[in-house]
Amino acid sequence: MQIKAIKKDKLHLTKLSFEDGNEALIDNDVCAENCLKVGTNLNENGLKKLLEESDYSRAKSRAVWYLDRADHTEKGLYDKLLRGGFTKESAAKVVARFIEVGLIDDRRFAENYAERLAASNYSKREILQKLTLKGVPYAVAKEVLETENNDELDKIKNLLEKKYQTKLQKDGGAQKVFAALSRKGFSYSQIREALKSYIEEFEE
């Protein structure tokens, strides 16, 4: 197939028009690297290779754009690239490269995210759920939570002061707060201890 015309199309893309009527969109950098011009002949394998290179180049640029705005897990970045319209092969290749150079690291992500959630008084169970939903492997999330200093009792006390203080002063409030805290994943024994301590201090 011989290239009949080359024209800049969308941002970062060049349209190749062939004499047989077919067209292809190729990343600008890939076009330049392969010195594509009017009259260049490409066979099917050659065009397929260019399309694969183009998809990978664009996926890599998009991944950098994603990471500039927020940290991602391996799975999170892979899934986002797929939703962006890139092939599984390109997405997997980009993720593998970014792991290699340290741009994404599931354990680092888990440690940072778990620290932010803990500071907002989330229970260990809630943090574990949120980490796995973000794509952190269960084993990694579990290990991070075991090594992190997460004082559940302090979190409950903070929640009692900041969120449930008014509710505790109402009839049946203690039971409702107990139920709410248990749904958040805190243990019954620690909820009871925190409530007892809080009510005693309040009464004093």
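**Briefing: fold, strand pairing and selected residues of a predicted model**

Read along the sequence, the protein follows the pattern β-β-β-α-α-α-α-α-α-α-α-α-α-α. The radius of gyration is 27 Å, well over the 17 Å that the globule rule gives for 204 residues, so the protein is more spread out than a compact globule. The model is a predicted one. In total, the protein has eleven helices and three strands.

**Overall dimensions and surface**

- Taken along the principal axes, the box filled by the C-alpha atoms of the protein is roughly 90 × 30 × 20 Å.
- Of the 204 residues in the protein, 37% are buried.
- The protein exposes about 12700 Å², and 47% of this area is supplied by carbon and sulfur atoms.
- Among contacts between residues at least 6 apart in sequence, 53% join residues that are at least 24 apart.
- The protein carries 37 positive and 35 negative charges, and the mean positions of these two sets are 5 Å apart.

**The three strands**

- Strand β1 covers residues 3-8 and runs antiparallel to β2, to which five bridges join it.
- Within this pairing, Ile3 has Phe18 of β2 as its bridge partner.
- β1 and β2 form a hairpin with four residues between them. His12, in the turn of this hairpin, has a positive phi of about 70°.
- Strand β2 spans residues 13-18, and five of its six residues are buried, so β2 is largely enclosed by the rest of the structure.
- β2 also pairs with strand β3 (residues 23-27), again in the antiparallel sense and over five bridges.
- In β3, Ala24 is the residue that stands opposite Leu16.
- The hairpin of β2 and β3 has four residues between the strands, and Gly21 in this hairpin takes a positive phi near 95°.

**A buried serine in helix α2**

- Ser57 is located in helix α2, which comprises residues 44-69.
- The relative accessibility of Ser57 is 15%, so this residue counts as buried under the 20% cut-off.
- When neighbours within four places in sequence are left aside, Ser57 is in contact with Asp27 and Val30. Asp27 falls within the range of strand β3, residues 23-27, and Val30 falls within the range of α1, residues 28-33.

**Loop residues with positive phi**

- Most residues other than glycine have a negative phi. The two residues below depart from that sign, with Cys35 near 50° and Asn121 at about 70°.
- Cys35 belongs to the loop between α1 (28-33) and α2. At 58% relative accessibility, Cys35 counts as exposed, because the cut-off for that class is over 50%.
- Asn121 is situated in the loop between α5 (106-119) and α6 (124-133). With a relative accessible area of 7%, Asn121 is buried.
- The two loop residues therefore fall into opposite classes: Cys35 is exposed, whereas Asn121 is buried.

Definitions and conventions
Residues numbered from 1 in each chain as written. Predicted model: local features only at pLDDT ≥ 70, side-chain atom pairs only at ≥ 80, totals over all residues. Heavy atoms only, no water. Helix = DSSP H or I, 4+ residues; strand = E, 2+ residues; numbered from the N terminus. Rg over C-alpha atoms; globule rule 2.2 N^0.38 Å. Buried < 20%, exposed > 50% of the residue type's maximum accessible area, 1.4 Å probe, protein only. Contact = heavy atoms within 4.5 Å. Areas by Shrake-Rupley, 256 points an atom, 1.4 Å probe, with all protein chains shown as cover. Lys, Arg positive; Asp, Glu negative; His and termini not counted. Charge placed at Lys NZ, Arg CZ, Asp CG, Glu CD. Pairing = 2+ DSSP bridges.
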